[in-house]
Structure formats: structure tokens, C-alpha cells
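Here is a quick tour for anyone opening this structure for the first time. Take a moment to turn the model around before reading on.

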Amino acid sequence: MNKVKFNRFEKYIPDAIDNGILTVSNDETCLEYSTLNDFNKKCGRNNLTNGFDISFNENIFTIGKGQTFLHSKLGYEFNTENTTATLNVYNDIWGVNSIYKFEKNTYIINDINEHYNDEQNGCDYSVMVYNQPTMASNTSPYGVASSNSPHASANWSPWKAFNRVATGDNCFASADVAGAPFPVNLVYSVSADGSKWVKPKSFYIQNRNVTGAGIASPLVFTIQGSKVLHPYDDLDWVTLVNVDNVNLKQPTGQAQSNTYTTDTSEYFRHFRLHIISKSTAVNYVAVQQFNIVGEIKDNIALLNPAHNYFLVYAKKGEEYKTIFVSSKNNIPQLDSSLELIDYCPIYSYKNINDYNNMILYNKTNVDKIDISDYLTTNGLYKVYLTYSDNEYSYYISLNDKLPNDKVCKKIFEFKVLNNIVYDYYPKKSLNDSYLNRFIIAEQLGTTGYRIYSDGWKEQWGNLANPVFPIAFDEIPLIVERGATNVTKTGMTIASGNWFAKGY
């Protein structure tokens, strides 16, 4: 820093009309007075400069004095109601490929399940990956597991092959087939009413995982699919995989497994493992796991995730189109007639701080907010300080939606459960938080503790012979005078206030 002589400055201190600081002028000829607001703007301080003390009592929040930067919020607002989705884009947003900028506009999907066309927004052509569910019975959570030759014991029911348990005596076993003819069929129907269809991609089969159980594994078998609502005989089934133990084999050892693929383009209602022969001469044939993977077009409530939404910029021939689509996938799947150029994922709400439009606000008043009207609905509430037309106010929101005509800053939040506020954050100003920055956990009250980042613990209370709220890692180094039998978990002492400190 350059040294300057004091006599180069005018020998007076400017009158102060507000809290501020003295700085050397650019030409180093005098001292200049700057208010804190002016100084923060000049230095580009763009974060919280002095937080607000927050306290709560009898449904009243008290917000202390302080400073903060309030920002304009850019982005969009997105809402759904039944099958209608509405997107209001307040400011231009770029796609993920940074190729196309989606401009301010309102987009509406009238039916999130109806396919889009040249005139409207709607659902894309996406299909969802199907994984046969983890069954908890022959009929739950959905679909139906069955066999033409189930074991008499429920311990080996058909659904046990579909519960994804890879170890132990938890599998499908057939009835005694010593004198009964093969084949043994293990069947899974995609839905109980036959309304759902799956295009299979692969099948996983694992042998029973029990040593010396005397139960055989499948040796020669086919994996088949059926489109018939109620398959009646073998003519209703189409072979998708043929394991003939010559050209294609299933390992026969305990817990051995294999995955079989198919390139069919057909959708089926039912699938079955059609077992023609078994690996050994024992009376039973067993399957530890039979899992089906493929694609599904129809909605299954327990399977389908929530719809994803995208703004899409695509090319059709020589024409470029902007459409708003719902999708079952993480990337929109467009028809073959459209080339995907760029897209923007749409979430429930998007806020972007506009740092070119911000103000430093010096709040000189202590305010009180009565939140009694918010106690009837459980949830996490956000409290924002908003500024407009030279006036500030508070905005309380149960979601992230904010008024778009005001600059604002979230200053604290609180949780409501069963008509009471059971937590809020922060409880300290930024300055207090800094001073206590090494405290990583604490419980305040008549009996409590404080844990520091290096493991140091401070605990206190007012009962005789206390058990410490949390155990020390070592016997405490500092304890109340008169304490005996000090351990990591407690000590002996007469009633009265006590403390213990250590690691």
C-alpha cells in the first residue's frame, strides 16, 4: 500500500448522516465519507452482509435489524391440475445443449397422456423400461404368478421365483413329478385383467441356492409369451428363447444363473418358463429367480414414475418446431419424423437470481410476524423479505413460488407439524453463527450439551447423579467440584447445577 502524508488531505472529517466509513479519494487528496449502502455497492458485495436474529414465542416470529441483498427472480412457473400442465416462462431460458433459447411464453398441455401433434403440445412417444416387480404374493403388488404344477407347501409357491431373493430356501418348487408328466410351467401375467402389455428384452433365470436339497434345476426349457387374454393351451404361446441343452444351455449347479435375450418387436400379456426336463432324477424341479426385463407402453401406477416435462426444439423436414411435452423418460423421445435439436427440463418451479437487478436493503426496524394462520397445514414454510415501491414486506410460501414483480431474499424458514412450529432456521444472525462456527451440534435447555468440530463436548444439568445426555469418548477432563465415580456416561454428585467437559 502506498504511503501518503497526512498534510495532503483536507484536515476535516465529513459530517456523517448515517453509519458509514471514511475512505481515501481516488486522487488521494481527501477523505471521503461513504454510507454502508454506498460502500457495499461500490465494492460489489453481493451476499448477506449482516444477518437477522430470529426468535419465536407464542406463534410470533421476531426479526431483528440487519442488511441483505435482495434479487430479482427470473425463471418460470409450472403447474399441473388433473391431466393439464401449464408452463409460464417469464424470462428466456436456454436448452441443455445451449443451442436454442426458449422465449417468454405460455405453454399448455391439455392432456399429459395424449400424444402431441402438429398443432398441440402433449405426450412424447417414450416407452418405459419394465422390470418385473418384486412379488410379495401370487397377486401383489400387481400381476399374477402361477404354475400348472405347484408344490403342496406354500413355502415354495410360484411367486417365490419372482421375489428377487437370490439365497436361501426361498424359491419356486414344483409338485412331485416322479410319476407326473412334464412339462412344468411357471407363469407370470403382467396384469390380472390382461390389460397391460410388455415387449421383452431379456430373461434372468437362477437355479435354487440350497446345497444338497435334492431338487433339480431346469435343463431343457423354452421361455414363451402369449398375447391371448386367457391362454388355454400350447397353441396360445410363442417361443422367445429355446434352451435345448445343446446350442443353448442353462448351468446346472447350485445358484448358477444365466440371462437370455430376445429381439422380438412384439408385446405380450403373459410369460412362462416352459420346463421340459430337469437336471437330475430327483422328484422336484425348482427355480430361485425368474426375472423379466423389457418395455411397457401402458401405465402401471406402482411402476410408472411421475411424468417428466420438457420444452423441446425440434426439426421436421425444413420446419423448426417448439413444443411442450410430457415424458416417462429423462430425455424426451420424439417420433422418427422429428429431429431433436435442443430441450430444457421443466421442474416444479425455477428461480434464478438476477444479479444485475439487486439492491442492498438496510432493515433498521425490529419486526414481528404472526404465523397463526399457517398452523393448520403441515410443511416447510419459507419466509422472504420482499421490496417494491419503496416499501418492504414479508412473503410466506409453502413452496418455492414467489411474486415475480418484487425483489426478494429468503431470510428464514420454519416447519409446522400438528398445529405447532417444531423447528425453524436460522436462529442466529450471521455474526453469531460465525462466532460459533465450530459448534456442530447442541441441545439447549436446563439439561443440554454442545459438541465442537474437534470432538470437545460440554454438558450440563441440575439433577443428582446424572447420566450424561451423550457419552464422552474419554473420561471428562473437567467436572463439577465434588463429583465422584466419573465415567464416560455419568458421575455421582449431589443435586444442584453440574457441568462436565472433555472429549
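What follows goes from the overall picture to strands, ring pairs, salt bridges and a patch on the surface.

**The overall picture**

First things first: this is a predicted model. The protein has 2 helices and 35 strands, so to get around it you will mostly be looking up strand numbers. Of its 503 residues, 41% are buried. The accessible surface comes to about 27,300 Å², and carbon and sulfur atoms own 48% of that area. If you take the contacts with a separation of 6 or more, 61% of them are between residues 24 or more positions apart.

**Strands and how they pair**

A bit of background helps here. Within a sheet, strands pair through backbone hydrogen bonds, and they can do so in a parallel or an antiparallel way.

Start with strand 12, which covers residues 144-147. One face of this strand is covered and carries A145 and S147, while V144 and S146 sit on the uncovered face. Strand 12 pairs with strand 14 (residues 184-189) in the antiparallel sense, over 4 bridges. Which residue of strand 14 is the bridge partner of S147? That would be L186.

Now move towards the end of the numbering. There you find an open sheet of 5 strands with antiparallel pairing, in the order 31-32-33-35-34. Strand 31 (439-443) and strand 34 are the edge strands, each pairing on one side only. Strand 34 runs antiparallel to strand 35 (residues 498-502), and 2 bridges join them. Across this pair, V479 stands opposite A500 of strand 35.

**Rings that meet**

Searching the whole structure turns up 28 aromatic pairs. One of them is F61 with Y424: the ring centres are 5.3 Å apart and the planes stand at 80 degrees, so this pair is edge-to-face. F61 belongs to strand 4 (residues 60-63) and Y424 to strand 30 (residues 420-425), so the pair ties together parts that are 363 residues apart in sequence. Are these two buried or exposed? Both F61 and Y424 are buried.

Another edge-to-face pair is F221 with Y260, at 6.0 Å centre to centre and with 85 degrees between the planes. Here the parts tied together are 39 residues apart in sequence, because F221 lies in strand 16 (residues 218-226) and Y260 in strand 18 (residues 257-261). F221 has 0% relative accessibility and so counts as buried. Y260 counts as buried too, at 3%.

F61 and Y424 also turn up in a cluster linked by ring pairs, together with F56, Y374, Y381, F412 and F414.

**Salt bridges**

The structure holds 9 salt bridges. Among them are these:

| Salt bridge | N to O distance |
|---|---|
| R272 and D234 | 2.8 Å |
| K363 and D367 | 3.2 Å |
| E458 and R450 | 3.8 Å |

Let's look at the R272 and D234 pair. R272 lies in strand 19 (residues 270-278), and D234 in the loop between strand 16 and strand 17 (238-243), so this salt bridge ties together parts that are 38 residues apart in sequence. Being buried means having under 20% relative accessible area. R272 has 5% and is therefore buried, whereas D234 is partly exposed with 48%.

What about K363 and D367? K363 counts as buried at 1% relative accessibility, and D367 does as well, at 13%. In the salt bridge with R450, E458 has 18% relative accessibility, so E458 counts as buried.

**A patch on the surface**

To finish, go back to strand 34, the edge strand we met above. Where is I478 placed? I478 is in that strand, which is made of residues 478-479. I478 has 39% relative accessibility and so counts as partly exposed. Together with L477, F499 and Y503, I478 makes a nonpolar surface patch of about 350 Å².

Technical notes:
Residues numbered from 1 in each chain as written. Predicted model: local features only at pLDDT ≥ 70, side-chain atom pairs only at ≥ 80, totals over all residues. Heavy atoms only, no water. Patch = residues over 30% accessible without salt bridge, like charges linked within 9 Å, V, L, I, M, F, W, Y side chains within 5 Å. Areas by Shrake-Rupley, 256 points an atom, 1.4 Å probe, with all protein chains shown as cover. Salt bridge = Lys/Arg side-chain N within 4 Å of Asp/Glu carboxyl O. Buried < 20%, exposed > 50% of the residue type's maximum accessible area, 1.4 Å probe, protein only. Pairing = 2+ DSSP bridges. Contact = heavy atoms within 4.5 Å. Phe/Tyr/Trp six-rings, centres within 6.5 Å; stacked < 30°, edge-to-face > 60°.
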